[in-house]
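Please find my notes on the model below. They are set out as numbered points, to be read with the structure open.

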Amino acid sequence: MSAPSETASQPLRTVTLTVPEMDCPSCAGKVTRSVERLDGIDDLDPRTTTGTLVVAFDPDRTSADAVIDRVRKAGYDVERPIQEQTRTTQFAVPAMDCPSCTKKVSSALESVDGVSELDLQSTTGTGVVTYDPDRVAEPTLVDAIEGAGYDVTDSTTDEPGGRSPTVVASGDGWTSPRAVKTWIGAGFLTLGLLVEVLLTAQNAAVTTVFGYELAVGDVLLLAATASSGVPVVRSGYYSLRNRSLDIDLLMGTAIIAATGIGYYVEAATLAVLFSIAELLENYAMDRVRNSLRELMELSPDEATVLRDGEERTIPVEAVAVGDRVAVRPGEKIPMDGVVVEGGSAVDQAPITGESVPVDKTEGDDVYAGTINEEGYLEVEVTSKSSENTLSRIIELVQGAQGDRTESEQFVDRFADYYTPVVVVLAILTAAIPPLVFSAPWETWFVRGLTFLVIACPCAFVISTPVSVVSGITSAAKNGVLIKGGSHLEAMGEVRALALDKTGTLTKGELAVTDIVPLTDHTEKEVLRCGSGLEQRSEHPIADAVLDYVEDREVDPASVSAFESITGKGVSGDIDGTTYYAGNPDLFDEFGVDLSRTRVATDGGTVTSAAKEGSERANGTGLLGETISTLQSEGKTVILVGTEERVLGVIAIADEGRPGTARTIERLHDRGIEQVVMLTGDNEGTANAVAEQVGVDDYRAELLPEEKVAAVEELSEEYGTVAMVGDGINDAPAMATASLGIVMGAAGTDTALETADIALMGDDLSKLPYLYALSNKANGVIRQNIRASLGVKALLAVGVPLGVVSVALAVIAGDMGMSLGVTGNALRLSRMDPE
């Protein structure tokens, strides 16, 4: 085996080959000896149990094809590689701004040998190409794209650190070379029409070409056609070469035909107006792309890193995991990380959509793109810039464009038939009346030409994707990540909503809700004894008690002889007396008269403050009533006392999320028919929470598989059902529902990957916004489709009647509708949560 090359310009490449007949050590030896004869082989791993051969090699000195050839020369057939290190390059193609454009580029790239995967997005002006570098080089891919008629302005190849998402501008706008040619053409067209219509005396003959006499007006109109029309004809040529029946081919054909038979006014008008329409559409598409660029601009390009006792400002791509980053007041946090020094309020709205800054201290997580409001922070970086939460959000938002809605699929199917049918109609319109009815050729040729103009379904085709991009981007800015257009569309059809209790309707964190001292004891005494006993306990209830006393500066009592009483509580000696903290059953065993029937519970929620008056009265006669009242509110009751008497009651519950009842009320107002709580908690707690938050129904004591069954029942009754949970315990139910919505996904890889929709913060109030956004997006999509179809239909009716000119067809049918559907879609970007 040859030594690895020390001068190789590329990293080693690994390929896994399937060699079915290599099923014994002798076979493996023959294959290994054959392949080792190649120069550049770094490592070989023959696996006879699976019939595979893993080869690492230097791509500058050999190739995967050479390895396959050596295996075959050893006498073994090789199936195609099952795993191969490919290369992925992202190309910036600003002019690729419509579905027709992506089809042409896709057709060109698919014809290149070695290309394995394409992801072309007109809404970002980028194309991601995965290919085998042994079979095709990057310049060949660039040539293929430019051969389709589109300039490549930049390219980025994946490195080990990953590729950052990109959105490119549609061009230089109103000052681009195309724009300059358009304005020059518009000037010539204006002068030509002026001479043809008003200054007829000056419209003298100036030359003769191929036997045709050309006047001043004709020359000016031809100049307009050449200036504005040549780019159109050029694009049409590339469309023809790629066998794409699109707007460029149709318009190019119309311009050439009109010019060839001497219809200079129509040719120039078509060339200039269509070029202006293209500029306006580019402008509109750039506004859509701006919404994505705004997401990318949330994270700063540079970070202040502390290295060797010095501050260094370096690009975020150069910051390594484990580096310390300094963030001063008013600065954006450049990387995901953990606060290791300092404290401040951080505006997390760019990630979670939270309107109120969140206090951050040592040990708290922070996210790239959030804003440090007031204090100094030092943050230890936990992920690379290409892998942080913001980058994942942007990548998922861009990837969401590949998830096509049902409306989009219908539009594409319709467009496949629409254009050929209208082109045939254009030909028949131009030919049949003159041939069959001896109608004027000039009149019907122009009408056929007009049909060609309305044959392109551009506005119709872009009506859905621009709406989806606008809606998904708007949601991402407000802390809601929608992972596909189909999910955006489906959310608007939801009629029933299932919600998990713990961690969704409640915070999932136990907290002390009530302190009720009895007899002659004070609240401070109850807390002192209770917290002293709970100090050595590892139960979550103990953490809640200790957090409560810490906030109130109560010193826990010193405890000795601590003992845990399984299932009932804890005990310990305080000042020579044994005290207990436990459930009512424990004190019942001691013979303490609790006097009232108890309702067992293992946790609930905060529903109201402790009742005053009788529940705080001296004596234990009312202890049972106190316990019953608190337990009926879904709270866990802890009694503190000795074997003879009770000092007081500590009530603990899973703290509810503020505003949940209002959120459910707003969901009902917006059209959700049924909101159901699904929980594994007991009946008493479930009932208390259900009454507090106002859900329509609840199901208690459910196992995971029973939650799945509950979702299936809701689906049978209501159709489209969404399940909201934490994305872990609720995963089976979320997968069963039409939509799975996860809470608090910021910084959580699993939740981001598995959910259909993710609420980045722990904020249920985003659900009504999500539902309203989805409904509005569906409405905008329907409006765009109906409007573009309706306008095309009206124009098609008007063409044979002679009431639709070429100019009107361009302005209304192409330029006007494309701008209209884009502008309508951009309304979604201005929609914010209440």
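The points below cover one sheet, its strand pairings, the salt bridges and a charged surface patch.

1. Status of the model. This is a predicted model. The remarks that follow should be read with that in mind.

2. Sheet order. Six strands make up an open sheet, and their order is β12-β11-β13-β19-β14-β17. The pairing in this sheet is antiparallel. The edges are held by β12 (310-315) and β17 (365-366); each has a single partner strand, so one side of each has no neighbour in the sheet. As background, strands of a sheet pair through backbone hydrogen bonds.

3. The β11-β12 hairpin. Strands β11 and β12 are antiparallel and share 6 bridges. Within this pairing, R307 is placed opposite E310 of β12. The hairpin has 2 residues between its strands, and D308 adopts a positive phi near 55° there. I would point to D308 when describing this turn, as its phi is positive.

4. The β11-β13 pairing. Strand β11 (residues 302-307) also pairs with strand β13 (residues 324-327), again in the antiparallel sense, over 3 bridges. Two facing positions can be named here: V305 is opposite V325 in β13, and T304 is opposite A326 in β13.

5. Salt bridges around R324. What links R324, E341 and E378? The three residues belong to a network of salt bridges. For E341 and R324, the closest N and O atoms are 3.8 Å apart. A salt bridge is counted within 4 Å, so the E341-R324 contact at 3.8 Å meets the cut-off. E341 sits in strand β14 (residues 337-342) and R324 in strand β13, so this contact links distant parts of the chain, 17 residues apart. The salt bridge between the side chains of E378 and R324 has an N to O distance of 2.8 Å. E378 belongs to strand β19 (residues 377-381) and R324 to strand β13, with their positions 54 residues apart in the chain.

6. Exposure within the network. Are the members of this network buried or partly exposed? E341 is partly exposed, at a relative accessible area of 36%. R324 is also partly exposed, with a relative accessibility of 33%. E378 has a relative accessibility of 9% and counts as buried, because the cut-off for a buried residue is under 20%.

7. A salt bridge between a helix and a strand. The structure has 14 salt bridges, and another one to look at joins the side chains of K707 and D500, at 3.0 Å from N to O. K707 is in helix α22 (residues 704-718) and D500 is in strand β21 (residues 496-500), so the salt bridge ties together parts 207 residues apart in sequence. Both K707 and D500 are buried.

8. Negative surface patch. Which residues form the negative surface patch? The patch consists of E21, D23, D77 and E79. One of these, E79, lies in strand β4, which covers residues 79-84. With a relative accessible area of 45%, E79 is partly exposed. Patch residues need over 30% relative accessible area, so E79 at 45% passes that cut-off.

Methods:
Residues are numbered from 1 along each chain as its sequence is written. This is a predicted model: local features need pLDDT of at least 70, side-chain atom pairs count only at pLDDT 80 or more; totals for chains, interfaces and linings use all residues. Side-chain values use heavy atoms; hydrogens and water are left out. Patches are made of residues with over 30% relative accessible area and no salt bridge: like charges are joined within 9 Å, nonpolar side chains (Val, Leu, Ile, Met, Phe, Trp, Tyr) within 5 Å. Accessible areas come from the Shrake-Rupley method with a 1.4 Å probe; for residues, only the protein chains shown count as cover. Lys and Arg count as positive and Asp and Glu as negative; His and the chain ends are not counted. The place of a charge is taken as NZ of Lys, CZ of Arg, CG of Asp or CD of Glu. Helices (H or I, at least four residues) and strands (E, at least two) are DSSP runs, numbered from the N terminus. Buried means under 20% relative accessible area, exposed over 50%, partly exposed in between (1.4 Å probe, protein chains only). Two strands pair if DSSP finds at least two bridges between them.
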